[in-house]
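User: I am new to protein structures and would like a close look at one part of this one. Please show how its helices pack, and take in a few residues around them.

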Amino acid sequence: NVARGTRMASSPMELLKCAASGLLRHRSWPYRKKKFVSWANFQRNKRLATPIERIKEPIVLFPLNVPEDAQIVLREPQFNDILSACQMVVNVLPEAAVLVLKEHPGHPGMLHHSDLKRFLRNNRRCHYLDARTSIYDVLARTDVLVAVTSTSVVDGLIFGVPAVTLGRPAFGGSGVTLEATEYHDLKHQMTRAFDRPSPKELEKGLVEHFCRFLDETVPAPGV
């Protein structure tokens with residue numbers, strides 16, 4: 001009876017070990033682990049966030065791409081290290097401006113908590129927004145937008161916010177954005193962006209770009 005009682009007492013632990021072992025062997029485990037790490041980062045990163053209404057300085061917004069974004073992997077692999085790209089922008093900020101980081105809404109917690117905390121501690125002119133903050137609330141307060149290749153550029157242009165693009169974005173050559181194909185171009189283009197082209201100029205350039213884009217792709221080039 002004692003032996004049977006001992007076996008019964010250990011059964012729940014054995015079941016738990018079995019379940020854990022099966023989960024670790026399951027092919028979905030790497031994906032589930034990534035999701036859990038992102039969730040944990042998201043919960044901890046909220047403590048580092050600054051509400052957008054508390055930022056009074058001119059804002060340079062950097063909307064971040066999701067990790068392993070095909071646009072980055074294929075077109076701009078030099079920007080795979082997100083915080084290194086952010087540091088590049090911090091280094092050329094105009095004197096009064098601050099950099100504001102916003103994670104992709106589809107991947108909250110993409111920035112590892114300890115890396116983000118260290119980055120913010122070393123860069124006092126940088127703020128992190130809670131991932132749930134509406135991009136439209138942020139754009140209403142933004143002076144210049146910086147992106148590698150992001151649909152937020154379009155949102156920004158609609159809001160009349162000039163955009164500086166890093167590398168060779170999908171908008172390249174359109175004249176819609178200020179392009180910094182090399183690091184040494186970045187400071188010059190940032191200065192130009194703060195001269196603020198008129199919203200009408202931005203709107204006109206955006207419409208022309210999409211007209212060319214549609215002419216080249218739908219239903220066929222020139223058709």
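Analyst: Start with one definition: a residue is buried if its relative accessible area is under 20%, exposed if over 50%, and partly exposed in between. Keep in mind that this is a predicted model.

Now apply the cut-off to Thr-50. Its relative accessibility is 16%, so Thr-50 counts as buried. Thr-50 sits in a loop, the one that links α2 (29-45) to β1 (59-63). Which residues does Thr-50 touch, once neighbours within four places in sequence are left aside? They are Ile-55, His-127, Tyr-128 and Leu-129. With His-127 there is also a polar contact, side chain to side chain, at 3.3 Å.

Here is the wider setting. The chain has 223 residues, and 39% of them count as buried. It holds nine helices and six strands. Take the contacts between residues at least 6 apart in sequence: 67% of these join residues at least 24 apart.

Next come the helices. Two packed helices are described by the angle between their axes and the distance between the axes. We can use that description twice, each time with helix α4.

The first partner is α8. Helix α4 covers residues 82-91, and helix α8 covers residues 183-194. Their axes are 9 Å apart, and the packing angle is about 50°. Is that roughly parallel, roughly perpendicular or oblique? Under 35 degrees would be roughly parallel, and 65 to 115 roughly perpendicular. The angle here fits neither range, so α4 and α8 are oblique to each other. The crossing of α4 past α8 is right-handed. From α4, the contact uses Met-88, Val-89 and Asn-91. From α8, it uses Tyr-183, Leu-186 and Met-190. Sorted by class, the contact of α4 with α8 has five nonpolar residues, one polar residue and no charged ones.

The second partner is α5, residues 113-122. The axes of α4 and α5 come within 11 Å and cross at roughly 10°. That angle is under the 35-degree cut-off, so α4 is roughly parallel to α5. On the α4 side, the contact is made by Leu-83, Cys-86, Gln-87 and Val-90. On the α5 side, it is made by Asp-115, Leu-116 and Phe-119. The classes here are five nonpolar, one polar and one charged.

Now look at single residues in these partner helices. His-113 is in helix α5. Is His-113 buried or exposed? Its relative accessible area is 6%, so His-113 is buried. Beyond its neighbours within four places in sequence, His-113 is in contact with Asn-41, Arg-44, Asn-45 and Leu-48.

Asp-185 belongs to helix α8. Its relative accessible area is 22%, so Asp-185 is partly exposed. Its side chain makes a polar contact with the side chain of His-184, at 3.2 Å. Compare sequence and space for Asp-185 and Leu-166. They are 19 residues apart along the sequence, and their C-alpha atoms are 9.3 Å apart.

One loop residue remains. Asn-65 lies between β1 and α3 (70-75). It has 9% relative accessibility, so Asn-65 counts as buried. Where does Asn-65 stand relative to Pro-105? The two are 40 residues apart along the chain, with 9.5 Å between their C-alpha atoms.

To recap the helices: α4 is oblique to α8, and α4 is roughly parallel to α5.

Terms used. Residues are numbered from 1 along each chain as its sequence is written. This is a predicted model: local features need pLDDT of at least 70, side-chain atom pairs count only at pLDDT 80 or more; totals for chains, interfaces and linings use all residues. Side-chain values use heavy atoms; hydrogens and water are left out. Helices (H or I, at least four residues) and strands (E, at least two) are DSSP runs, numbered from the N terminus. Buried means under 20% relative accessible area, exposed over 50%, partly exposed in between (1.4 Å probe, protein chains only). A polar contact is a pair of N or O atoms within 3.5 Å; within protein, one must be able to donate a hydrogen and the other to accept it, and residues adjacent in sequence count only if both atoms are side-chain atoms. Contact means heavy atoms within 4.5 Å. Axes are lines fitted to C-alpha atoms, for helices over the stretch in contact, and angles run from 0 to 180 degrees between N-to-C directions. Angles under 35 degrees count as roughly parallel, over 145 as roughly antiparallel, 65 to 115 as roughly perpendicular and the rest as oblique. A crossing is left-handed if the near helix is turned anticlockwise from the far one by less than a right angle, and right-handed if clockwise. Ala, Val, Leu, Ile, Met, Phe, Trp, Tyr, Cys and Pro count as nonpolar, Asp, Glu, Lys and Arg as charged, and the others, Gly among them, as polar.
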